[in-house]
Amino acid sequence: MKKQRLIMPLLFITVAILLSACGEKELEDPLEWEIDNISGTTQAGEDFSVDDMEGKVWLANFIFTSCDTVCPPMTRNMTKIQDQLEEEGIEAEIVSFSVDPEVDTPEMLKEFAQAQDADFSNWSFVTGYSQEEIEEYAQDSFGTVAQKPEGAEQVSHGSSFFLVDKNNEVMKHYKGETDVPYEQIIEDAQILADQ
């Protein structure tokens with residue numbers, strides 16, 4: 001009888017611990033790619049550094065203002081994500097890196113972003129580094145291409161959206177141009193924001 005009295009509370013405590021652990025959601029198959037720092041200038045002419053993003057959840061992508069294919073729809077898709085983040089009360093930043101920095105001035109980025117209904121309250125459009133720097137940064141930190149052939153006006157670049165955690169590690173990437181998994185992005189951003 002004494003054993004039974006001891007087993008019941010222990011069983012209750014074990015079940016309680018297991019249930020509380022189940023309540024903490026985690027990302028499925030996180031990438032955990034550590035990213036390097038890059039510094040530049042925002043559309044508002046302010047200094048920007050990836051190191052300053054530490055402690056924040058953020059989404060990143062790569063665009064340029066004279067892009068005649070994927071950049072406008074990608075930016076409009078990110079605007080939808082921005083709206084959903086706000087609706088859900090999720091604190092997250094958005095960073096769009098220009099892959100044509102020698103052409104894209106802060107003013108051009110601002111004009112491009114406004115044309116796609118971007119809200120600058122938590123979204124930075126960044127330029128102000130060299131072409132070589134952004135090409136290496138995209139490849140080394142995000143595993144995506146960004147190449148401007150000599151003499152070309154268009155830049156070849158990836159169209160993914162990247163979710164970065166508070167430790168500046170890329171945790172997930174998603175399609176950014178078509179068939180964007182909006183619900184999954186919001187769910188994953190919430191999980192990281194809660195951690």
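## Starting at Q139

Q139 lies in helix α4 (residues 131–142). Helices here are DSSP runs of H or I with at least four residues, and strands are E runs of at least two, numbered from the N terminus. This is a predicted model: local features need pLDDT of at least 70, side-chain atom pairs count only at pLDDT 80 or more, and totals for chains, interfaces and linings use all residues. Residues are numbered from 1 along each chain as its sequence is written, and side-chain values use heavy atoms, with hydrogens and water left out.

Is Q139 buried or exposed? Its relative accessibility is 45%, so Q139 counts as partly exposed. Buried means under 20% relative accessible area, exposed means over 50%, and partly exposed lies in between (1.4 Å probe, protein chains only). Leaving aside residues up to four places away in sequence, Q139 touches T144 and V145. Contact means heavy atoms within 4.5 Å. Q139 and G158 are 19 residues apart in sequence, and their C-alpha atoms are 10.0 Å apart in space.

## The whole protein

The protein has 5 helices and 10 strands. Of its 195 residues, 44% are buried. Take the contacts between residues at least 6 apart in sequence: 73% of them join residues at least 24 apart.

The accessible surface comes to about 11000 Å². Carbon and sulfur atoms hold 48% of that surface. These areas come from the Shrake-Rupley method with a 1.4 Å probe; for residues, only the protein chains shown count as cover.

## The sheet

Eight strands form an open sheet with mixed pairing, in the order β1-β10-β9-β4-β5-β6-β2-β3. β1 and β3 stand at the edges with a single partner strand each, so one side of each has no neighbour in the sheet. Two strands pair if DSSP finds at least two bridges between them.

At one edge, strand β1 (residues 33–34) runs antiparallel to β10, joined by 2 bridges. E34 stands opposite E169 in β10. At the other edge, strand β2 (residues 39–42) pairs with β3 in the antiparallel sense over 3 bridges. There, G40 stands opposite F48.

## Strand β10 and its hairpin

Why is β10 (residues 169–175) called largely enclosed? The reason is that 5 of its 7 residues are buried. Strand β9 (residues 160–164) pairs with β10 over 5 bridges, again antiparallel. S160 stands opposite K175. The two strands form a hairpin with 4 residues between them. In the turn, N168 has a positive phi of about 60°.

## The nonpolar core

The largest nonpolar core has 54 residues; W58, I81, F97 and F142 touch the most other members. Helix α5 (residues 182–194) gives the most to this core, with 6 residues. Such a core is a set of buried Ala, Val, Leu, Ile, Met, Phe, Trp, Tyr and Cys residues joined through side-chain atoms within 4.5 Å.

I81 touches L59, F161, V180, Y182, I185 and I186, not counting residues up to four places away in sequence.

## The largest pocket

The largest pocket holds about 220 Å³ of space. It is lined by 18 residues, and T42, E46, F48, E93 and S124 lie nearest its centre. β3 (47–49), β5 (93–98) and β6 (123–127) each supply at least two lining residues.

On a 1 Å grid over the protein atoms alone, a pocket is an open set of points where a 1.4 Å probe fits, with protein on both sides within 12 Å along at least five of seven lines; lining residues have an atom within 4 Å of a point. Points are joined across faces, edges and corners, and the volume is the space filled by probe spheres set on them.
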